[in-house]
Amino acid sequence: MVNAVTEQIQATLNANKQAEIGQAPEHIFILFGATGDLARRKLYPALLRLWSEKRLPQHFAILGVARRPYNHDTFREQVRKAIEEFAPSALTEANDWESFQERLYYCSADATKSEDFPAVASLVKDLEANLNIPTHRLFYLAMAPELFAPVAEQLQASGLTAIGHAPADNNPHLPWKRLIIEKPFGRDRDSAEQLNQALRRVFAEDEIFRIDHYLGKEMVQNIEVLRFSNALFEPIWNHRNIASVQITSSETVGVEERAAYYDKSGALRDMVQNHMLQMVMMMAMEPPSRLKVEAIRDEKVKVLRSLRALKEEEVAHQVVRGQYRAGTMNGQAVLGYREESGVQPRSSTETFVAARLFIDNFRWTGVPFYLRTGKRMGAKATEIVVQFHNMPKHLYFNPEGHLQPNLLSIQVSPQEGISIRINAKQPGTDAVVVPVKMDFFQHSESPEAYERLLLDAMQGDATFFTRWDEVSLAWKFVDPIADAFLDHRLPLEPYAAGTWGPDVATQLPAVDGYRWWPLSVQSHEEV
Ligand code: BG6
């Protein structure tokens, strides 16, 4: 019965979503870094799916730009190969490859050479004229972040961005330009500021779409719906009822082939400054006054403003950093971080961070938010666990104060759903109280984060993108922590690959009398 009802609700939600999402406007999608990893793994499959779902208009083209000397045909073959390799289901689900590939074009250009840009500009203009596409240009820079500013400058010099500024909710027939970039946005507040200034010389703030792909995840987007549309949750979503919030994003992969980037970045910059803080904001924000993009983003920013800043000397008590050593994953021996190819043999880059944060506002006063994220951990999972206050000692059911707390867990990935743990009488006993779990899992295939975010950017909806002040405030919070990591001021704790991070990380919740809860993927295993 419950399942039937849930399926019905799900079907209605899906149908509403279909009706509500609509189609992207006619435009040209200009993709720099067209032969790179991000494009091949994520963007082409997402674009093909959008095309097959008829989310993209007929008057539409993708112009790939990269150094390799492809022509349009070889580029089309490469895109097909990438989709076959990384998302074959996008091809089998869709029979629309043929019409999709006709929208693919390629321009061989070196993004570091100004002399290569006029060719890009003239191809864009030809495509617009020949395919009858209005001057709607979406630039996606899927490339090394040090190229963001120089490419923006060249786009301007080539005349490609010489388009008046048209706010997204204005007349859709006006010409527009937009820019999509993905982190890292600088490596601290100063460098992020410099990058932003360079971009702002070419694009207005509301033309810049900064991707944080966690904001494209179904369950991250669902947090505000769960919170603000349930009488069950909204009234108790505060310090009077909530004891703590734990946010975990654990990965089983190691550094993979990304040592050149990761060894300079580390888990703090790679995950905490962006994805983890975004989840904190979604959990902690106040309801927006209007369902308008800026009203929602304003509320998120207020959370960052209320985040208690950590002084460098406080970091040691509130943050743990770790690095994986050799260990075993799924029965296979794996290397330690320092043995990985491309990593400095004495690298002190952290592959794990756990932190204890406080949000100093009325709603959250005194409630610790525990974050942890790392590579080569026990399982791949992103999950948020809300722990409610203990019940008072009670003569009948809780004479010793041993009742387990209620937990609400929001499973972002790999499973999408929520579980609620409550206490109930064990059947057949008089008053033996045991925790029981109620699960809701999403049945529908959620769209990939990139599919959702690309469509949003095409439609000019910036709700699930990061605004500049969010980036800046997130760095402001993270910078002193990064400083405390320098020169081994905060010890680098080793942990064996395949475990849940350094043992000392258990102390963060332990000082408040709490513990890390096992995640759903750990089933009954205790941490
Ligand atoms: C990226 C990080 O932003 O997020 C990667 O750069 C990390 O290091 C990835 O692996 C995790 O994303 P997801 O969606 O797999 O949890």
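Which residues is Phe32 in contact with, leaving aside its neighbours within four places in sequence? Open this predicted model and select Phe32 to find out.

**Stop 1: Phe32.** Show its contacts beyond those sequence neighbours. Val65, Ala111, Phe117 and Val120 appear. So do Phe139, Tyr140, Leu141, Ala142 and Met143. Val151 and Leu155 complete the list.

**Stop 2: the core.** Now add Leu63. Phe32 and Leu63 touch the most other members of the largest nonpolar core, which has 159 residues. Next, colour helix H10, residues 259–284. H10 gives this core its largest share, 14 residues.

**Stop 3: Trp475.** Move to helix H14, residues 468–485, and pick out Trp475 there. Is Trp475 buried or exposed? Its relative accessible area is 2%, under the 20% cut-off, so Trp475 counts as buried. Display what Trp475 touches, again skipping residues up to four places away in sequence. Phe185, Gly186, Arg187, Asp188, Arg189 and Ala192 are there. Arg269 and Gln273 are contacts of Trp475 too. Draw a distance between the C-alpha atoms of Trp475 and Arg269. The viewer should give 8.8 Å, for two residues 206 apart along the chain.

**Stop 4: helix H13.** Select residues 449–459. Ten of these eleven residues are buried, so H13 is largely enclosed by the rest of the structure. Step through the buried ones: Ala449, Tyr450, Glu451, Arg452, Leu453, Leu454, Leu455, Asp456, Ala457 and Met458. Charged side chains are worth a look here, with Glu451, Arg452 and Asp456 among the buried residues.

**Last stop: Gly460.** Go one step past the helix. Gly460 follows H13, and its phi is positive, near 80°.

Methods. Residues numbered from 1 in each chain as written. Predicted model: local features only at pLDDT ≥ 70, side-chain atom pairs only at ≥ 80, totals over all residues. Heavy atoms only, no water. Helix = DSSP H or I, 4+ residues; strand = E, 2+ residues; numbered from the N terminus. Buried < 20%, exposed > 50% of the residue type's maximum accessible area, 1.4 Å probe, protein only. Contact = heavy atoms within 4.5 Å. Core = buried A, V, L, I, M, F, W, Y, C linked by side-chain atoms within 4.5 Å.
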